[in-house]
Amino acid sequence: MIDTVNIGGVSLKKTAVLAPMAGVADRAYRLMCREFGAAYMVSEMVSAKGICYSDRKTAELCTITDEERPMAIQLFGSEPDFMAKAVEIVLQYEPDIIDINMGCPVPKVVNTGAGSALMKDIDLAAAITESTVKAAGKTPVTVKFRSGWNPDNVNAVGFAKALENAGAAALTVHGRTRDQFYSGTSDFGIIKAVKEAVGIPVIGSGDVTDLASCLAMYEETGCDLVMIGRGSYGNPFIFSEIESWFGEKPYTPPTVEEKMEVMLRHIRLIISLSEKTEELAIHEARKHAAWYMNGCYGSAKFRGRCYQLSSYEEAVGLAEEFIELQRWHNAQKR
Ligand SMILES: Cc1cc2nc3c(=O)[nH]c(=O)nc-3n(C[C@H](O)[C@H](O)[C@H](O)COP(=O)(O)O)c2cc1C
């Protein structure tokens with residue numbers, strides 16, 4: 001039996017959850033990961049101010065379909081009042097959880113005082129959490145942040161305690177400083193330290209790329225849930241491997257034929273969910289197509305061709321060629 005984790009009344013399977021990833025983990029991506037067992041997902045980050053000024057992208061970013069639940073909407077902002085107003089608006093979309101982004105390292109966000117810049121101002125971070133919690137009412141509020149701003153200011157433990165006191169229902173810790181962006185490695189030690197310091201569930205994030213690293217994250221940090229971001233690129237199968245392990249069910253990795261079938265389904269989903277023409281929507285699909293081929297023979301050469309795809313039919317042809325190449329390669333090895 002798979003255990004569950006309770007976040008403010010929302011019950012989640014204790015397997016693995018999909019990380020919020022702006023520009024990557026859109027609805028099509030989330031639906032693929034859900035199909036393969038992602039226990040929970042978080043929207044791409046949405047600007048609190050943008051929502052208040054009725055940004056046209058709000059509905060696109062905040063709409064949650066039944067298949068995606070349980071799901072959080074993630075907000076970023078630097079002003080408690082705007083956060084509260086934004087919460088009132090996003091509650092219309094009935095998120096299961098509202099998550100606050102206090103980890104984004106991108107200058108465009110940090111320069112407004114939001115994202116990981118809040119790690120430099122614990123009082124403001126706590127005030128934002130408090131005001132979000134108050135506005136959210138019964139909907140639980142969680143916060144995602146990093147280990148600290150830079151190596152001299154690794155303050156995740158004190159930060160976590162302040163947010164717990166401010167009413168956060170759970171915390172996600174990405175074990176890198178803001179300075180690191182996405183380089184170096186995620187420090188599991190700081191995730192463990194946060195877990196030991198607070199009484200609310202802690203989700204560990206950073207560098208989980210397979211079952212082994214997922215189990216290492218659970219074991220080394222004692223975290224309640226493991227979050228997977230880049231490890232799911234072209235690899236929604238990672239969630240079924242982890243779910244199978246916890247459910248004590250056998251797992252068979254996908255064949256290249258299955259990978260290509262899932263890739264094509266993902267592309268069809270991107271096209272069908274897009275408001276753009278197929279020709280434009282396929283641009284969105286190019287990086288995903290390339291990721292599904294990663295790690296296979298000849299994938300570097302095919303990556304270039306993925307980035308030139310201009311129709312679904314071309315993707316079908318490319319998938320067939322890729323399968324042929326793998327068959328040829330396997331025959332050579334025999
Ligand atoms: C392309 C990309 C976009 C991201 N966007 C967000 C975001 O919108 N909100 C957020 O909290 N984290 C965001 N992150 C951080 C991830 O959620 C995650 O914490 C980080 O990538 C480390 O986990 P990983 O090693 O499993 O990828 C993003 C990461 C990537 C690579």
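In this predicted model, the ligand occupies the second largest pocket. The shell around the ligand comprises 18 residues, of which Pro20, Gln74, Ser205, Asp207 and Arg230 are the closest. By class, this shell consists of nine nonpolar, six polar and three charged residues.

Polar contacts to the ligand involve both backbone and side-chain atoms of the protein. A nitrogen atom of the ligand lies 2.9 Å from a backbone N or O atom of alanine 22. A ligand nitrogen atom is also found 3.2 Å from a polar side-chain atom of asparagine 101. On the side of the ligand oxygen atoms, one is placed 2.8 Å from a polar side-chain atom of lysine 144. The ligand alone would expose 610 Å², and 89% of that area is buried by the protein.

The largest pocket holds about 870 Å³ of space. Its lining is formed by 27 residues, with Asp26, Glu44, Lys57, Glu60 and Leu61 the closest to the centre of the pocket. Several secondary structure elements contribute at least two residues each to this lining, namely helix 1 (27-35), strand 5 (46-47), helix 2 (48-52), helix 3 (58-62) and helix 11 (256-273). The greatest contribution comes from helix 3, which supplies four residues. The lining of the largest pocket divides into eleven nonpolar, five polar and eleven charged residues, whereas the shell around the ligand contains nine nonpolar, six polar and three charged residues.

Notes: Residues numbered from 1 in each chain as written. Predicted model: local features only at pLDDT ≥ 70, side-chain atom pairs only at ≥ 80, totals over all residues. Heavy atoms only, no water. Near = heavy atom within 4 Å. Polar contact = N/O pair within 3.5 Å; in protein donor to acceptor, adjacent residues only side chain to side chain. Areas by Shrake-Rupley, 256 points an atom, 1.4 Å probe, with all protein chains shown as cover. 1 Å grid on protein atoms, 1.4 Å probe; cavity = no way out; pocket = protein on both sides within 12 Å on 5 of 7 lines; lining within 4 Å. Sits in = over half its atoms within 2 Å of the grid points. Nonpolar A, V, L, I, M, F, W, Y, C, P; charged D, E, K, R; others polar. Points joined across faces, edges and corners; volume = space filled by probe spheres on them.
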